[in-house]
Amino acid sequence: MSEERASGGAGNRITVAKTYKLFIGGAFPRSESGRSYPVNDSRGRFVANAAQASRKDARDAVAAARTALRGWSGTTAYNRGQVLYRVAEMLEGRRAQFAFEVAAASGAQARRAEAEVDAAIDRWVWYAGWADKIATVLGAANPVAGPYFSFTVPEPTGVVAVLAPQASSLLGLVAVVAPVICSGNTAVVVASQDRPLPAVTLSEVLATSDLPGGVVNVLTGRTAELAPWLAAHAEVNALDLTGAPASIRTELERAAAGTVKRVLRAPASEPDWTRPPDLRRVRTFLESKTVWHPVGV
Amino acid sequence: MTTSPPAELADAARDDGSLRRFLHGLPGVDQVGVEQRAATLATRSIKKQSKLWAIDMAIRMVDLTTLEGADTPGRVRSLCAKARRPDPERPEVPSVAAVCVYPDLVATAVDALGTSGVGIASVATAFPSGRASRAVKLADAEYAVAAGATEVDMVIDRGAFLAGRYGEVHDEIVAVKAACGPAHLKVILETGELVTYDNVRRAAWLALLAGGDFIKTSTGKISPAATLPVTHVMLQAVRDWHGHTGEQRGVKAAGGIRNTKDAIRYLVAVREVAGPEWLTPDLFRIGASSLLNDLLMQRRTQLEGHYSGQNYVTVD
Amino acid sequence: MSQTTWDYAPAPESRDIARLRPSYQMFVDGQFVDGAGEPLKTINPATEEVLAEVATASPSDVDTAVRAARKAYERTWSKMPGAERAKYLYRIARMVQERARELAVLESLDNGKPIRESRDVDVPLVAAHFFHHAGWADKLPYAGYGPDPRPLGVAGQVIPWNFPLLMAAWKIAPALACGNTVVLKPAETTPLTALVLAEIVQQAGLPPGVVNILPGAGDVGAELVNHPLVNKVAFTGSTEVGKQIQRSLAGSGKKLTLELGGKAANVVFDDAPLDQAVEGIVNGIFFNQGHVCCAGSRLLVQESIADELLDKLRCRVSTLRVGDPLDKNTDVGAINSKAQLEKIVELTESGDAEGAHRWTSPCPLPDKGFFFAPTVFSDVSQAMRIAREEIFGPVLSVLTFRTPDEAIAKANNTPYGLSAGVWTDKGSRILWMAQRMRAGVVWANTFNRFDPAAPFGGYNESGFGREGGRTGLEAYLDV
C-alpha cells in the first residue's frame, strides 16, 4: 500500500484506506459479482482494489439511468445548469485530492496534475453554462412556406452509455460525461480500466451536489467485458465509444446497430483533452423535434 | 337544498347531448395558470390569532375517516370517541364535523356518537371503484341511510365519465340523491383519475347539476388525491354555481392532507376563491385521519409556546 | 371562536436582515467613496420615513468613474479570457442567492413593492440573469455574431426605480459577459440595492473599475451618457427621457439601446380560459403596483363576454390586499413616490372627466405612505387619455372589440409597442395574433413572464434593442 496519501497524517499515523465501489442510482454498492481487481499507480505499485462490475451491475445501472431520465430531462435547463455548477463547486473543494489521484494514476508531476484538475473543473463549468443555451443555438424557428408556425427544438436522446477515455482519468472523463448530461440525458459510464479511481471520487462529488441519483452511474472494471452488454442493451439510446479498446470497436458498432443507437465513434488515438471543446459531443446526444401549428383565426 | 337544478340550467341536463354541449362549452382551465395561482396562494403567511382560528376551524371541518378492510367495531368506537373529544386534556377543542366509515359500520358509529352532534358520513355506491351495477350501488346507499348515516359520500362512475356517457353519470347521481332521503350527498369525483382540470371542472358542474350537496375530490385510495389546484377548480365551480343560482354548495378535499400547514392552505383557498362565506363546516370539509393529531399538536404549540410531541395526543 | 370572519394577522418580514445603515457611499474603482454631489435622502414610500442618506456623484465623480472603467477595460477586463470573466459572474450569482433575503427586504423597503414579489420574483431573477450571462462569457463565438465578437468598451447605464436590483442585473450581467466595463446610475428614489450589489461585486473579487455605481438624479445620468469616454449607453426609463438621450447622442457614434414605456393591450377572446384570464389580467396590471413598462394596462375584451369577465374581475380585484410591503400577505404595495402618486391621481381624474366608468376596490388603505387602490375603468375609448398615456400605476382601462381584426387594430393603435397579451384556447389564433401584434413581447395565456434566456424589448416608442438571450448580447458587442 502506498505511503503517500493525500489524507495521510503526520508522523506514524496509519491512514484509513478508502474502499472504491460502484456508483449506481445515487448509491455506492459493491459489484453484485463480489469481484474486485487491483489498481496500481504509474510505477506499478498497488494503490487500492476497485470493484469489478459485471453485466448485471451494468443492467442495474441502465435501469437507474432510465428511471432518472424523466426527472432530469424534465427539469428546467436553468436548474440543470445550477446543479452542474454546484458540481464544479464541489470539485474545486476537492482539488488537492483529485490532483493526488491523477498524479498517482498518470505519473504526472504535481503541477501538471493540478493543471489537469483545474482544466477539468473549468471544463465542467463550461458545460454548466451550456445547459440553458443549447436550445437557442441549436434550435430554430423554421421559415416554412405556408401559414404555419414551425419550430425545431433539441431534446435529450435518453440514456447514454459512455466508455470513458483510458488514459486521461479526470479531464478526459469530465470531457465525455458533462456534455452528455447538461442537455438532460442520463449516463452509464465505464471508467478507465487501469485508472478508475478519480472516477469514483468524481462519483462522490456527484452524490453531494444535488445531482439526482441515477443521472450519472459509474462502473469500474474491464471495459471489454462491460461494453458489449451496453452496446446491445435496448434501453440504451446512444453510445460513446471513446475509451473502447481498438480491437472491439467495430463489433460494438455492430451491436449498437441492433437498436439503431446513435454512436459517437472512438478517435484513432486519445485526443489532447486540453484543447478547447466544441459542441460536437452535445449535438451527438440530442434529437431534434420539429413542430408545426397553423396560424389563423 | 334543492333536488333539481334551477330552470336556466335544467335545459343543460335535458339529455346526453345537451349535457355534453353544456359541459364542453364551459371555459377551459389553463393548467399552468391554475397551478401558479394555487402556488401563490399557498405562500400566504397565517400567524398568531389567525392561525389559531384556522386550526380550530379546520378541526371543525374534519370528516374523521377510517376506510380500511380491517375496520372493526372497536376501531370505529375509538374513532368516534376521538371525533367527539379530539383532545381529552383540552375540552374546549371543538368536535369534528363527522366521522366517515363503510356502510356496515354505520350502526356502530350511530351508537357511539349518540347525541353528540357529530355527523355520520358513510361511503357508498361500491366505494372506492364505483364498479358495480346500478342496483347494487343504490342498495349500498339505501342501506347506509337506513342504518343512520346523516351523510353519504358516493363515487361517480369514472369509466362512464371518461367514455363521455355524461347522461349516465348524471342520472346515477340523481338516483343516489333520491335514495339518500334526508341524508346529504357528497359526490366524489376522484380527480386523480380524471387527470385534467378541464375534466374536473366538467365533472364538478355535472355533479352540481345532478343535485349533489357537496362535491368531493377523492376517495383517498389512489394518488394523487386532493391537491390545491384541483380544489381551486372545484371552489371556483361552486362559486360560479352560486352566481348562477343563488345556492351555496359545498366542497370536500380528501386524501393527502396530512398536516396543519396543508390544511391552512386549503382554508386560504376556500376564503379567496369561493369566498369567506364558505368558511363553515356546512360548506367545506376535509377528509382526513392523521391530520387531526397534527392540528391538535399545532394548537398546543400556539397556546403553549413550544413544539409539541406525538405522545401528547392520543393515537385514537 | 373569537372572530366571526377570518382576517389574516399581520405577518411582517423582519427589517433587521436588510442591515440598513444611516449612510451609503458610491462605488468607484473597487472602493466605496464619498461623492461630491449633494447627498440624497431615500425614503420608504410605505411610511414616508427616511431610510438613509446616499452620496451622489458630481460631474467630476462621473469623470473619475468613467476613467476607472476605461482603465479597467483596457488593462484587465478586455484581456481576460471569457472563461475567467464567467467565473466572476458565477460568483456574483451565487452571492446574490446567499444574500437573497437581505436583498429582497431592502428592495421592498426602498421601492415599496411587496416582499412576496421581491422575494419570489425580483431576487431569483437577478441571480438567474447573472447565472445565464456567466455562461455566455466564454461562448460568444456561438452567439451568431461571428467567430470572435469584441466588446464595445465602457458602458454607461441608467436604470429606473421600478425593479431596481433586477434592472441593475439586466444591465451589468450582459455587459460584463461580453467583456465591457460599466458605470451604472441607479434611480434617485431607489439606490440601495445597487449599492449592496456593489458590496457583492467587491466580495466576489471583481477587478476594481469593472463595475462602478454612481447614485444621483437625472443630471448625473445626463453627465454619464454624454461623457466622451463612454462607448455604449443603455437606458431604461420613460419614453420622454429616452428621446432626450437619443437626441443628445446624435452624432456621437455611441451605441445606444433604449427600453422605454408601454401601454400594452391584453386581449381576451370569448373562448379564453376565463378564470386564468382574470388572473392574467390582475397580474398584468397590479403586479408591482402597475409600475411595469410592460404592464397589461389596456384590457381589450371581446364584447360577448365583457360583462361576465368584468364581474369576475371586480370580484377578484376586491380580494387584493394593499398595504405594508413587508407583510408577507400583501399583494399590492406602495406607490414609489409622491410624484408618481400625483401623476396617477391626475390621469385617473382625466378618466372621470372624459366619461369612463370608474370602479375602485373597496380594500382598506394604510393611512400614511403613498398608496392607491386598484382601479378599473370600463367604457373606455381609444381617444381617452387613460387609453393612450402610460399611467404606471394600479389602474386598468377596459375597452371592447368584436373581431380579431378589430382587436389587432386597437392593440396596435399606439406609439408604444413593448408587450401584449392574448387569451384564447385556440392555438392557431394565438399564433395569428402574435404575428400581427406590433410588440416586442407577446404573452399568450400568461403574462409578465421573464427569463434571462428570453429576449425582452420593444417596438417603436417603447425603445430599441433587446435584453436577455442570444439577441440581448448584441447590445454589448461591436457587431
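A biologist questions a modeller about the terms used for this predicted model.

Biologist: What are the ground rules for numbering and confidence?
Modeller: Residues are numbered from 1 along each chain as its sequence is written, while chains are lettered from A and ligands numbered from 1 in the order in which they are written. The model is predicted, local features need pLDDT of at least 70, side-chain atom pairs count only at pLDDT 80 or more, and totals for chains, interfaces and linings use all residues.

Biologist: How do you know which pair of chains has the most contacts?
Modeller: Two residues are in contact if their C-beta atoms, placed from the backbone, lie within 7 Å. Of the two pairs of chains that touch, B and C have the most contacts. That contact takes 24 residues from chain B and 22 residues from chain C. H4(B) gives the most to the chain B side, with six residues; helices are DSSP runs of H or I of at least four residues, strands are E runs of at least two, and both are numbered from the N terminus.

Biologist: What is said of chains A and B?
Modeller: Chain A and chain B do not touch, and their nearest C-alpha atoms are 15 Å apart.

Biologist: Why are H3(B) and H12(B) called roughly perpendicular?
Modeller: The two helices pack at an angle of about 100 degrees, with their axes 9 Å apart. Axes are lines fitted to C-alpha atoms, for helices over the stretch in contact, and angles run from 0 to 180 degrees between N-to-C directions. Angles of 65 to 115 degrees count as roughly perpendicular, under 35 as roughly parallel, over 145 as roughly antiparallel and the rest as oblique. H3(B) and H12(B) are therefore roughly perpendicular to each other. Val34(B), Glu35(B), Arg37(B) and Ala38(B) of H3(B) meet Leu228(B), Pro229(B), His232(B) and Val233(B) of H12(B).

Biologist: What makes S5(B) and S6(B) a pair?
Modeller: Pairing requires that DSSP finds at least two bridges between two strands. S5(B), residues 184–188, and S6(B), residues 214–216, have three bridges in the parallel sense, so they pair by that definition. Ile188(B) has Lys216(B) as its bridge partner in S6(B).

Biologist: In what order do the strands of the chain B barrel close?
Modeller: Eight strands close in the order S1-S2-S3-S4-S5-S6-S7-S8, with parallel pairing. The twist from one strand to the next averages 25 degrees.

Biologist: Where do the domain bounds of chain C come from?
Modeller: They come from an automatic or database domain assignment, which gives domain 1 as 16–260 + 459–476 and domain 2 as 265–444. The domain centres, taken over C-alpha atoms, are separated by 30 Å. In chain C, 22 residues of domain 1 are in contact with 27 residues of domain 2.
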